[in-house]
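Work through these exercises with the model in view. Try each task before reading its solution.

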Amino acid sequence: RPTSVGIDAMAFHGPECYVDMEDLAEARGVAPAKFTQGIGQRQMAVVTPCEDTVTMAAQAGRRALQAFDIDPDEIGTLIVGTETGVDHSKPVAVYVHELLGLPTSCRTFETKHACYGAMAGLTSAADWIQAGRARGRKALIIASDIARYGLGTPGEPTQGAGAVAMVVSPDPRLITFDPEIEGDYTRQVMDFWRPLYSKYAFADGHYSIDCYLDALESCWHDAVGKAGGSHEAFALSVLDACFYHVPFTRMAKKAHHRHWETELGRAIERDSEDGARVEDSYRQRVEPWLSLNADVGNIYTGSLFLCLIDYLRQATSEREGRPISLFSYGSGCGAALSIARVSEGAARFHRAIDPGGQLAARRRLNVEEYEEIFRACEESDRNDGERIDPARWGLTGGLHYVGTADHRRRYTK
Ligand code: CAA
């Protein structure tokens, strides 16, 4: 049975359009600094009616396999973590299975627990490998989501869309999990939810921030308990980087502050000496890896892993072997804190993993275009039999959703 397990390959795929947060702030009559500093977002990815959870997941998956030279036949488990599925019954994962040409012997399913869904998939895949059931095969885990709160709502500046694909294997080329350190937390709370009848999420915004921070603290205590009462192995002073779920980048700053408070066991005033230490730590361990999130927005299940991509695209050989922390939070709520180490040789893949070119090629929308697209998405699968033309939305070539026929979803190949 394999003794080590971790992430062997990663890739991001996002929508082809975005809106600038300063443009959005101006249109909403809000000071731009509220969105760019208070929320901490520069741009927001916008899906057209021809991009959905399936198209983003399949393209991220394809890119991860190709960039890391993995044959689809090596995949024995495919899990898509999403909270914005396309069907109440049929999993996104089975469309992705077909689009990627994965073997019929590959087990395939979807996981849901808000933004925690992909982390749940990742740990299940690691368990599958360590239990010896993979028999030399790898697992493909894809986080894919579209965050939508509605035009003019408080949640609007925290929307976004995108997918992160990760291959899990016993000889991981990127990061290796530490199976000894892990904290979990579950509590039924109504901080954020999306009923079956709604395309938009409901959020009790400020309460959701409190629930997130409480979950982080509880996970940390659970991890300490499981580690025999000591946090030595994951003290903030030894961690090279801390990754948190990022619904908006400013949330990661609040999380790092609470992480420090939890470790020290007391409150920290921002303008105290300790407050300055936390600020330094934030600049060193968190802020450098928030750039992709700031340009994409919230991608729910994939947000945490987008920071990891940002870190790995900047990785140098000095980071290899260093420990990092990963905190996943899913509203509702479920959370996990885990520790991993950067694999030896990971820095070699910094170009293969970098989605910078893809983001630079996106089309900037003005707010009118964004609103028109947003409304068109509401209608996109209401009229069965009507073909949606990708060219209408400026999309050419590639994989796109083109509407339903006889209630069956259709994709260009
Ligand atoms: N210049 C600079 N900063 C400004 C400013 C200005 N002119 N005006 C306001 N700000 C600051 C505020 O001080 C505040 O910062 P602090 O939190 O550090 O005090 C920040 O901008 C936001 O201002 P408000 O709190 O007034 O903003 P809001 O009430 O409009 O809503 C929100 C913010 C609650 C995050 C809202 O966008 C929301 O509901 N988002 C969706 C829910 C969410 O993302 N929750 C996160 C935790 S749950 C989770 O993580 C799961 C998930 O993915 C959804």
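**Exercise 1. Compare the radius of gyration of the protein with that of a compact globule of 413 residues.**

Solution. This is a predicted model. Start with the length: the protein has 413 residues. A compact globule with that many residues would have a radius of gyration near 22 Å. Now take the value for the protein, which is 20 Å. The two agree. As a further step, look at the box: the C-alpha atoms fill roughly 60 × 55 × 40 Å along the principal axes.

**Exercise 2. Describe the make-up of the fold: how many helices and strands are there, and what share of residues is buried?**

Solution. Count the elements: there are twelve helices and 16 strands. Next, burial: 50% of the 413 residues are buried. Last, contacts. Take those between residues at least 6 apart in sequence; 76% of them join residues at least 24 apart.

**Exercise 3. Decide how α3 and α4 lie relative to each other.**

Solution. Locate the helices: α3 covers residues 53-67 and α4 covers residues 92-100. Their axes are 9 Å apart, and the angle is about 45°. Apply the cut-offs: roughly parallel needs an angle under 35 degrees, and roughly perpendicular runs from 65 to 115. The pair is therefore oblique. The crossing is right-handed.

Now list the partners. From α3 come Thr53, Val54, Ala57, Ala58, Gly61 and Arg62. From α4 come Val92, Tyr95, Val96, Leu99 and Leu100. Sort the residues of this contact by type: eight are nonpolar, two polar and one charged.

**Exercise 4. Find which residues of α4 are buried and what they pack against.**

Solution. The buried residues are Val92, Ala93, Tyr95, Val96, His97 and Leu100. Recall a rule of helix geometry: an α-helix has 3.6 residues a turn, so residues three or four places apart point the same way. Then look at the surroundings. The buried residues of α4 pack against α3 and against three strands: β4 (75-81), β5 (107-111) and β6 (138-147). Finish at the end of the helix: just after α4, glycine 101 takes a positive phi of about 65°.

**Exercise 5. Classify glutamine 358: is this residue buried, partly exposed or exposed?**

Solution. Place the residue: glutamine 358 sits in helix α11, residues 356-360. Count its neighbours: there are 15 C-beta neighbours inside 10 Å. Buried needs 20 or more, and exposed means 12 or fewer. Glutamine 358 therefore counts as partly exposed. Add a distance: its C-alpha atom is separated by 22 Å from that of valine 402, 44 residues apart along the chain.

How values were computed
Residues are numbered from 1 along each chain as its sequence is written. This is a predicted model: local features need pLDDT of at least 70, side-chain atom pairs count only at pLDDT 80 or more; totals for chains, interfaces and linings use all residues. Helices (H or I, at least four residues) and strands (E, at least two) are DSSP runs, numbered from the N terminus. The radius of gyration is taken over C-alpha atoms; the globule rule is 2.2 Å times the number of residues to the power 0.38. Two residues are in contact if their C-beta atoms, placed from the backbone, lie within 7 Å. Axes are lines fitted to C-alpha atoms, for helices over the stretch in contact, and angles run from 0 to 180 degrees between N-to-C directions. Angles under 35 degrees count as roughly parallel, over 145 as roughly antiparallel, 65 to 115 as roughly perpendicular and the rest as oblique. A crossing is left-handed if the near helix is turned anticlockwise from the far one by less than a right angle, and right-handed if clockwise. Ala, Val, Leu, Ile, Met, Phe, Trp, Tyr, Cys and Pro count as nonpolar, Asp, Glu, Lys and Arg as charged, and the others, Gly among them, as polar.
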